[in-house]
Amino acid sequence: MSNRQNCDSGSLSALELFERVTIQGDKVRSLKAAEAPKDEIDTAVRLLLSLKLMYKATTGQDYKAGSPPTDFTPVNNAPALAEDDDFVDPWTVQTSSAKGVDYDKLIVRFGSSKVDKELISRIERVTGQKPHHFLRRGIFFSHRDMNQILDAYENKKPFYLYTGRGPSSEAMHVGHLIPFIFTKWLQEVFDIPLVIQLTDDEKYLWKDLTVKRANEYAIENAKDIIACGFNINKTFIFSDLDYLGMSPGFYKNIVKIQKHVTFNQVKGIFGFTDSDCIGKISFPAIQAAPSFSSTFPQIFKGKEDIQCLIPCAIDQDPYFRMTRDVAPRLGYPKPALLHSIFFPALQGAQTKMSASDPNSSIFLTDTPKQIKTKINKHAFSGGKDTIEEHRKYGGNCDVDVSYMYLTFFLEDDDKLEQLKQDYTSGALLTGELKKALIETLQPLIAAHQERRKQVTNEMVLLGC
């Protein structure tokens, strides 16, 4: 995809790229021979294809196994892969840094704007509310056209919120809550409608799932989303597999978007190949369509000029860059976006969370005992090897997962800052920092579980 380009200095030589392609090719073959999970193989294949594209862009030649580059003409503006670069697309997030993705670089690469102090101050001034700690702490760090949204609010023009969830498993983990916690705050502050898309069709196309199982996951995930406490009178939650068949407005917008995006464009944006099924190639239009108010005539009474604001993780941005490109040609306003950083796995920011690995995160179904055990046993520590060294040199909050999790879930700014100072100075030990996280997450998840018990199947069927 186009946003995989990395134009930093320190790029790899043609020979180094050749070696990376060879190694990645061996990895793909090993995964296939071992009959690894399909999503793991797909991730490895996408990275292999990306490396091959970079090799060709650098050398002007296609990669040929066993034939390292000898004579080639460099391409000056070629995408290059540096050792410290990050790989981000809607399905894969990879970084070599224990601190996680370099978000300043990502803003430059994606062409978005930073959520700076000026914008945060304007949000506070316009809404009359203290900005959410996700804004104050840089968890939502990037945006597109947020000032337009604030202009609309000041001028009393309507707009709405749109976010979503790809239901790949029955149980959600705490990282999945991030966009919903923030979206709930936005809904309360602006007092506006919200639509939440459950892309069960996407998960059927990308994962080894039946249609029935993907839809069942959507139903279970919807219960967790409803339990977040949205305004039920202004919230519509829908499954693509259910809603598309009963909404002509939804399908009409999908078709309009499909007509205005070429196959070459989606290949360039999303990295699709000739071997991908046509369902994947057409799916981006389905995720784009809720950005337009005419997709929901029952909510917006047929109005086509209502702008939407999309809070999401930044890996979803390629979908909406495509959407923003298409919108003017359809006569619709471009959606605005607020991007969040990624939620780290317990094992560290370099490790991918997986629904198949129960120890990679804290799940919303975990008991207090499981939460305590997982954090104590698996949460990556920024502390030193011995108590003596830790007392002398202090811990590193930049890589410590317990501290990272606390930045998301501990709302008290003063307490968080005190924990950081104490841990960095060595006054606070790793076990004590983990204890602070355990005491933060246990009641939060227990309260969520109690709210979820109140969610009925009827509430899910009615879309909240």
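**Notebook: salt bridges, the sheet and confidence**

K453 comes out as exposed, at 59% relative accessibility. I started there and looked for its partner: K453 makes a salt bridge with E450, with the closest N and O atoms 3.0 Å apart. This is a predicted model, so I take the distances as computed from it. E450 is partly exposed, its relative accessible area being 43%. Both residues sit in helix α20, three residues apart, about one turn of the helix.

**Entry: the neighbour in sequence, R452**

Next I checked R452, which is partly exposed with a relative accessible area of 22%. Which residue does R452 bridge to? I found D224, again with the closest N and O atoms 3.0 Å apart. D224 lies in helix α9 and R452 in helix α20 (residues 430-453), so this pair ties together parts that are 228 residues apart in sequence. D224 is buried, at 4% relative accessibility. I then followed the links outward and got a network of salt bridges made of E220, K223, D224 and R452.

**Entry: another pair in α9**

I stayed in α9 and looked at R213 and E216, whose side chains form a salt bridge at 3.3 Å, N to O. Why are they about one helical turn apart? They are three residues apart in helix α9 (residues 211-226), which means a separation of about one turn. Both ends are partly exposed: R213 has a relative accessible area of 40% and E216 has 30%. For the tally, I searched the whole structure and noted 21 salt bridges.

**Entry: the sheet**

Then I turned to the strands. Seven of them make an open sheet with mixed pairing, ordered β3-β4-β9-β8-β5-β6-β7. The edges are β3 (113-114) and β7 (235-239), each pairing on one side only. I wanted to see where α9 goes: it packs on this sheet, touching β5, β6 (194-198) and β7, and its direction makes about 160 degrees with that of β7.

β5 (residues 159-165) and β8 (residues 307-313) run parallel and are joined by three bridges. One bridge I looked up there pairs Y160 with C308 in β8.

**Entry: β9**

Is β9 buried or exposed? Five of its five residues are buried, so the strand is largely enclosed by the rest of the structure. I checked both faces, and both are covered: A336, L338 and S340 are buried on one side, L337 and H339 on the other.

On the pairing, β4 and β9 are antiparallel over four bridges, and H143 has L338 in β9 as its bridge partner. β8 and β9 run parallel, joined by five bridges. P311 stands opposite L338 in β9, so I met L338 in both lookups. I traced the chain from β8 through α15 to β9 and noted a right-handed β-α-β crossover. Helix α15 (residues 317-330) lies across β4 (140-144), β5, β8 and β9 (336-340), and runs at about 165 degrees to β9.

**Entry: confidence**

Last, I pulled the pLDDT values. The chain mean is 88, and 90% of the residues reach 70 or more. Residues 1-11 fall below 50, though this stretch has 41 contacts in the model beyond near neighbours in sequence. Residues 71-83 are also below 50, with 34 such contacts. Where pLDDT is low, the predicted coordinates should not be read in detail.

Notes
Residues are numbered from 1 along each chain as its sequence is written. This is a predicted model: local features need pLDDT of at least 70, side-chain atom pairs count only at pLDDT 80 or more; totals for chains, interfaces and linings use all residues. Side-chain values use heavy atoms; hydrogens and water are left out. A salt bridge is a side-chain nitrogen of Lys or Arg within 4 Å of a carboxyl oxygen of Asp or Glu. Helices (H or I, at least four residues) and strands (E, at least two) are DSSP runs, numbered from the N terminus. Buried means under 20% relative accessible area, exposed over 50%, partly exposed in between (1.4 Å probe, protein chains only). Two strands pair if DSSP finds at least two bridges between them. Contact means heavy atoms within 4.5 Å. Axes are lines fitted to C-alpha atoms, for helices over the stretch in contact, and angles run from 0 to 180 degrees between N-to-C directions. pLDDT is the predictor's confidence in each residue, from 0 to 100. A crossover is right-handed if, with the strands pointing away from the viewer, the path from the first strand over the helix to the second runs clockwise.
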